[in-house]
Amino acid sequence: MHYRCSVITRNLEVIKFFQSFDICDYKFDFYSFRLESAYNALLKTPPSILFVDLDHPDYRQSDWNSLVEVLNYLECQPVLVAISSTKSFAYQALKTGFQDYLLNPLYELDVRKSLVKSKKCLQMRTSRERDNVICLKSYSDYRFLNVEEILYLKADNNTTDLFLNGQKHVTAFKSLKYFEDTLSDDFLRIHNSYIINKRAVKRINYSKSLIFFDADLNGHSVPFSRKFRDQVDGLKKTLLTDEQVLFG
């Protein structure tokens, strides 16, 4: 597999270094000196790995908001590697989302190590994406579904209805028990007939024994039963872990 690597820099020595850099599976290109043109090219043809020269004169006082904003438009973001002649930006860069930090002048060994690290990061990302996809087979029809789209699952005799974002649903010719055993810990059985995606929960109403996927009490909801009350209590504690509770 070939990895496309792009470099944002105005430093001619950095450009010459990567132009002379010989390593299999990695192809380097260089964006224009102007950030606006560089970002346009970035959106047009996103790389797998993006090297960013933080000494670029258009990046002032470690303010890389423009870069972060552009990257948010990409469906699949590149691995970010920072380049600088000083360590001063290291903390802020890693906090912003850079995976590695290289000091200029660049050394071949350091760059090779960084590429290996970036490659592993990309492979782990691909593996996670595969783990998040399930295949629903119906005769000769195969449907691949990202589990993050699922709000909840409902048993219907020997089949299961999967309710998705956007008020869509699909039917799978598998039992609810099959999905309980197959899906990750992000999914929780709360009723003999229901499994929910814990990450999609927006509200728990104990008086009505309902779990909501919208903050509005008139929104989309499913019931939970007394038999699974302990699981719902555990879900509540998980959701409260990083949240502040306000009492009116």
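**Figure 1. Surroundings of Ser118 in the predicted model.** Ser118 touches Ile49, Val79 and Val81, leaving aside residues up to four places away in sequence. The model is predicted. Ser118 sits in helix α5, which spans residues 108-131. With a relative accessible area of 2%, Ser118 falls under the 20% limit and therefore counts as buried. Of its three listed contacts, Ile49 belongs to the range 49-53 of strand β3.

**Figure 2. The two sides of helix α2.** Helix α2 covers residues 35-44, and its buried residues are Leu35, Ala38, Tyr39 and Leu42. These four span an arc of only 95 degrees around the axis, so they lie on the same side of α2. An α-helix has 3.6 residues a turn, so residues three or four places apart point the same way. The packing partners of the buried residues of α2 are β1 (3-8), β3 (49-53) and α3 (65-71). The other side of α2 carries Glu36, Asn40 and Lys44, which are exposed.

**Figure 3. The hairpin of β11 and β12.** Strand β11 (residues 187-191) and strand β12 (residues 194-197) run antiparallel and are joined by four bridges. Two residues separate the strands of this hairpin. Within the pairing, Phe187 stands opposite Asn197 of β12. Strand β11 is largely enclosed by the rest of the structure, because four of its five residues are buried. Strands of a sheet pair through backbone hydrogen bonds, either parallel or antiparallel.

**Figure 4. The open sheet β13-β14-β15 and helix α7.** Three strands make up an open sheet in the order β13-β14-β15, and their pairing is antiparallel. Strands β13 (203-205) and β15 (221-223) are the edge strands, each pairing on one side only. On average, neighbouring strands of this sheet are turned by 20 degrees against each other, direction ignored. Three bridges connect β13 with strand β14 (residues 210-212) in the antiparallel sense. One of the bridge partners is Leu210 in β14, which is matched with Asn205. Helix α7 (residues 229-240) lies across β13 and β14. The angle between α7 and β13 is about 140 degrees.

**Figure 5. Two loop residues with positive phi.** Asn157 has phi near 55 degrees, a positive value in a residue other than glycine. Asn157 belongs to the loop between β8 (150-156) and β9 (159-164). Its relative accessibility is 73%, so Asn157 counts as exposed. For Ser209, phi is also near 55 degrees, again a positive value in a residue other than glycine. Ser209 is found in the loop between β13 and β14, the pair of strands shown in the sheet view of Figure 4. At 27% relative accessibility, Ser209 lies between the limits of 20% and 50% and therefore counts as partly exposed.

**Figure 6. The cis peptide bond at Pro105.** The peptide bond from Asn104 to Pro105 is cis. Its omega is near 15 degrees. Pro105 is placed in the loop between β5 (100-103) and α5. Helix α5, on the other end of this loop, also holds Ser118 of Figure 1.

**Figure 7. Two cysteines, Cys5 and Cys135.** Cys5 has 0% relative accessibility and therefore counts as buried. Cys135, at 39% relative accessibility, counts as partly exposed. Cys5 falls in the range 3-8 of strand β1, against which the buried residues of α2 pack. A disulfide is a covalent bond between the sulfur atoms of two cysteines. A search of the whole structure finds zero disulfides.

**Figure 8. Overview for placing the close-ups.** The protein has seven helices and 15 strands. Of its 248 residues, 39% count as buried. Among contacts between residues at least 6 apart in sequence, 47% join residues at least 24 apart. The accessible surface comes to about 15,600 Å². Carbon and sulfur atoms account for 48% of this surface.

Note on methods: Residues are numbered from 1 along each chain as its sequence is written. This is a predicted model: local features need pLDDT of at least 70, side-chain atom pairs count only at pLDDT 80 or more; totals for chains, interfaces and linings use all residues. Side-chain values use heavy atoms; hydrogens and water are left out. Two strands pair if DSSP finds at least two bridges between them. Axes are lines fitted to C-alpha atoms, for helices over the stretch in contact, and angles run from 0 to 180 degrees between N-to-C directions. Contact means heavy atoms within 4.5 Å. A disulfide is a pair of cysteine sulfur atoms within 2.5 Å. Buried means under 20% relative accessible area, exposed over 50%, partly exposed in between (1.4 Å probe, protein chains only). The arc is that of the directions from the helix axis to the C-beta atoms. Accessible areas come from the Shrake-Rupley method with a 1.4 Å probe; for residues, only the protein chains shown count as cover.
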